[in-house]
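Dear colleague,

Please find below the structure that I am handing over to you. My findings follow directly after it.

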Amino acid sequence: MARVFSGVKPTGELHLGNLLGAVRHWVAQQDQDDTIFCVVDLHAMTIPYEAPEMADLTWKTAAMLIAAGLDPNRCTLFVQSHVPQHTELTWTLNCVATFGELNRMTQFKEKSGGQESVSVGLFDYPVLMAADILAYDTDKVPVGDDQRQHLELTRDVAIRFNHRFGDTFVVPEATVPPVGARIMDLQDPTSKMSKSSASPGTVALLDDEKVITKRIRSAVTDSETEVRHAPEKPGVSNLLEILAATTGRGIKDLEGEFASGGYGPLKDTAAEAVVEFLRPLRERYAELDKDREQVTKQLALGAQKAEAMATKVMERVRKATGLLPRG
Ligand code: TRP
């Protein structure tokens, strides 16, 4: 069985893009692979954030993952800051990664651009991510395009470490998410759905049904009327992708059904499909929310499982790097 690791930041409510692009594939992967999923709160600290909201957002993100179908009995689900080996390994990898290669990370350039003061943590973000992955002997990392460069860095650092200190890390591979993995913003269909839940281009998983319907009905399309999946029609293509992903139907099939009649019926049907698709998730979330302790306990068990794995890897790392054993 391959070991699979992925992480999600607790920066806000999960949205339809996270669910259709990533989380539903994680759910399917639970039965095929040895899967580890991590709510990466330490990564969320790299940009300015509201401290009083962090714990709640972390809980919510974990509960939403469970509501979406991650089963703590079939995968390892935990919170990054609960397993100290992530930061410990980050230090070791800091001494292997170079300033030059971190300085070339496009996400760092984007996020730091224009900011008055940039934290060292933001600069070091990719090394923490490498530690997440390497601490578990991970074989495969399902990531979107925006994280590919970080995964390349992880591989480079692992290879360099193994070369310098002897074979210690498994060198992981990025796996391409299946088709339909890129859900776009409803108001700006040329960029990925990623904005906060307050944005009209986003459908957050816990949004009110009326809000969801309204947002999908107001999706930006184009001035034609032809329902067709094509690069020059990003808005319409996105609606078709959303409808296909939430109903399991094929794009060709849907193009045929909505060929005539303009975009109205397509939008209405997509809105209904999304509301129906999210209903069971919202019901499960409401159940979890009534008894928050049970999720907290599951996360504690997840952290225990994760720590047992990461401890073994750290022992190898300490030995390889020549640190004095504590005795
Ligand atoms: N950087 C990833 C993102 O923004 C989140 C992440 C952190 C991650 N650690 C990871 C993803 C390890 C995969 C593996 O989406």
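A nonpolar core is taken here as a set of buried Ala, Val, Leu, Ile, Met, Phe, Trp, Tyr and Cys residues joined through side-chain atoms within 4.5 Å; buried means under 20% relative accessible area, exposed over 50%, and partly exposed in between (1.4 Å probe, protein chains only). The model is a predicted one, in which local features need pLDDT of at least 70 and side-chain atom pairs count only at pLDDT 80 or more, while totals for chains, interfaces and linings use all residues. Residues are numbered from 1 along each chain as its sequence is written, and side-chain values use heavy atoms, with hydrogens and water left out.

The largest nonpolar core has 52 residues, of which Leu65 and Ile216 touch the most other members. Helix α12 (residues 264-290) gives the most to this core, with 10 residues; helices (H or I, at least four residues) and strands (E, at least two) are DSSP runs numbered from the N terminus. At least three residues of this core come from each of domain 1 (3-175 + 292-321) and domain 2 (209-287), the bounds being those of an automatic or database domain assignment. A second, separate core of 39 residues includes Phe108, Leu134, Ala135 and Ala310.

As to the domains, their centres, taken over C-alpha atoms, are separated by 32 Å. In contact (heavy atoms within 4.5 Å) are 12 residues of domain 1 and 10 residues of domain 2.

Turning to the ligand, 13 residues surround it, each with a heavy atom within 4 Å. Lys9, Tyr125, Met129, Asp132 and Gln147 come nearest. Helix α7 (120-134) and strand β1 (3-8) each supply at least two residues of this shell, and α7 gives the most, with four residues. Polar contacts are pairs of N or O atoms within 3.5 Å; within protein, one must be able to donate a hydrogen and the other to accept it, and residues adjacent in sequence count only if both atoms are side-chain atoms. A polar side-chain atom of Tyr125 lies 2.7 Å from a nitrogen atom of the ligand, and a side-chain N or O atom of Asp132 is likewise 2.7 Å from a ligand nitrogen atom. For Lys9, a polar side-chain atom is 3.3 Å from a ligand oxygen atom.

Finally, Thr246 belongs to helix α10 (residues 234-247) and is buried, at 11% relative accessible area. A polar atom of the Thr246 side chain lies 2.7 Å from the backbone oxygen of Ile242 and one lies 3.3 Å from that of Leu243.

With kind regards
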